[in-house]
Structures are given as structure tokens and as C-alpha cells.
Amino acid sequence: MVTVQAWAHGNVTPQAVDTTSLPQLGEGWRPENPYRGNEAAIKVGTSAFNQNCARCHGLEAISGGIAPDLRRLDNDCASLKDEAKKAACVKENDDYFLTTIRHGRSRNGAVYMPPFEGVFTQEAMWAIKAYLETRREKPL
């Protein structure tokens with residue numbers, strides 16, 4: 001894995017994420033989280049989040065206001081009664097998460113979140129999402 005310097009809220013150098021314990025996902029980006037509920041992925045994602053994301057998104061994903069509170073990422077899905085609509089909502093949220101972590105977020109030229117594609121592997125990104133799913137404010 002190559003580690004590069006990312007700029008967000010100050011000078012931040014991402015920490016490497018060891019995903020060797022996880023099934024490798026190959027070249028193509030998965031449209032949905034393949035590690036949902038995978039205990040090994042949750043463990044990797046917990047460590048990766050704490051080392052790389054918590055400084056902006058808060059310990060245990062509880063934001064202190066600098067960045068979005070990621071426990072609320074899937075809140076819109078939790079209230080849906082129709083299982084097909086709920087599944088579609090979760091898939092849409094997976095896509096939003098992956099797009100954001102891969103490409104980052106900026107507004108009016110200001111970088112609010114740096115892009116992590118090329119810094120983290122797909123396995124690392126989905127492991128972080130698997131961890132965040134254990135921190136949901138409103139369980140699905």
C-alpha cells in the first residue's frame with residue numbers, strides 16, 4: 001500500500017490499513033458493501049476509522065461538529081417499511097459513502113474531505129463502512 005499525504009483539517013497523513021485478513025475484492029469497485037456484518041471487517045474498519053477518520057468525524061463516529069456524524073448516514077433508510085425500498089436505500093447510501101471516500105468533498109474550492117482513492121484500498125473503505133454500520137443511530 002502506498003501512503004500519501006492528504007489535506008483536510010490541517011496536515012494529516014493517513015495511516016496504512018492492514019486488510020490481509022479480509023477476502024480480497026479484486027479490481028472492480030463493488031456497488032454494495034460486501035463486508036456488511038463481517039466481524040473481521042468490522043475489526044479492521046474500527047481500527048482504520050480510529051486512526052484515519054476520527055480526527056474529523058469523532059471518536060466512535062460521534063462528530064464534534066467538524067464533519068458529519070456518520071452514525072446518521074443511513075437514517076433515511078431506517079424508517080422505510082417496504083423491504084425492497086429499504087434495500088435500495090441502503091445500496092444508494094453505500095454508493096454515496098464510496099463516492100465520498102474515493103473522491104472527497106470540496107465546496108467553493110475548499111477541501112472538506114480529501115479523496116482517499118489510491119490511498120486506501122477498496123477493502124479498507126468497505127471495512128470502515130462495515131464498522132460504521134455497527135454505529136448506526138437508527139438500526140435498520
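# Notebook: a cavity, helix α4 and two loop residues

I began with the interior, where the largest cavity holds about 40 Å³ of space. The model I am reading is a predicted one, and I keep that in mind for every entry below. When I counted cavities of 30 Å³ or more, the total came to one.

**Cavity lining.** I listed the residues around the largest cavity and found L70, R71, L73, D74, K129, L132, E133 and R136. I then sorted this lining by character, which gave three nonpolar residues, no polar ones and five charged ones.

**R136.** From that lining I picked R136 for a closer look, and I placed it in the segment after α5. Is R136 buried or exposed? Its relative accessibility is 18%, and because buried means under 20%, R136 counts as buried. I looked next for a partner of its side chain and found a polar contact with the side chain of D74, at 2.7 Å. Setting aside residues up to four places away in sequence, I noted that R136 touches R71, D74 and K129, and these three names also appear in the lining of the largest cavity.

**Helix α4, length and ends.** I turned to α4, which covers residues 83-103, and checked its length against expectation. Its 21 residues, at 1.5 Å a residue, should span 30 Å, and the C-alpha atoms at its ends are 30 Å apart, so the two values agree. At the N-terminal end I found D82 acting as a cap, with a side-chain oxygen 3.0 Å from the backbone nitrogen of A84. After the other end I noted G104, whose phi is positive, near 75 degrees.

**Helix α4, buried residues.** Which residues of α4 are buried? I recorded K86, C89, V90, N93, D94, F97, L98, T100, I101 and R102. I reminded myself that an α-helix has 3.6 residues a turn, so residues three or four places apart point the same way. I then asked what covers the buried residues of α4, and the elements I found include α3 (75-78), β3 (105-107), β4 (110-113) and α5 (122-133).

**Two residues of α4.** I took R102 and D95 as a pair to read side by side, R102 lying in helix α4 and D95 being found there too. R102 has a relative accessible area of 17% and is therefore buried, whereas D95, with 47%, is partly exposed. Leaving aside neighbours within four places in sequence, I found R102 in contact with W29, P115, F116, E117 and M125. For D95 I looked up the separation from V17: the two are 78 residues apart in sequence, and their C-alpha atoms lie 21 Å apart in space.

**E60 and A61.** My last entry concerns positive phi angles in residues other than glycine. E60 is not a glycine, yet its phi is positive, about 55 degrees, and A61, likewise not a glycine, has a positive phi of about 70 degrees. I located E60 in the loop between α2 (54-57) and α3, and A61 is found in the loop between α2 and α3 as well. How accessible each one is was what I checked next: E60, at 45% relative accessibility, counts as partly exposed, whereas A61 is buried, with a relative accessible area of 0%.

Conventions
Residues are numbered from 1 along each chain as its sequence is written. This is a predicted model: local features need pLDDT of at least 70, side-chain atom pairs count only at pLDDT 80 or more; totals for chains, interfaces and linings use all residues. Side-chain values use heavy atoms; hydrogens and water are left out. On a 1 Å grid over the protein atoms alone, a cavity is a set of points where a 1.4 Å probe fits but cannot get out, and a pocket is an open set with protein on both sides within 12 Å along at least five of seven lines; lining residues have an atom within 4 Å of a point. Grid points are joined across faces, edges and corners, and a volume is the space filled by probe spheres set on the points. Ala, Val, Leu, Ile, Met, Phe, Trp, Tyr, Cys and Pro count as nonpolar, Asp, Glu, Lys and Arg as charged, and the others, Gly among them, as polar. Helices (H or I, at least four residues) and strands (E, at least two) are DSSP runs, numbered from the N terminus. The expected span of a helix is 1.5 Å times one less than its number of residues. Buried means under 20% relative accessible area, exposed over 50%, partly exposed in between (1.4 Å probe, protein chains only). Contact means heavy atoms within 4.5 Å. A polar contact is a pair of N or O atoms within 3.5 Å; within protein, one must be able to donate a hydrogen and the other to accept it, and residues adjacent in sequence count only if both atoms are side-chain atoms.
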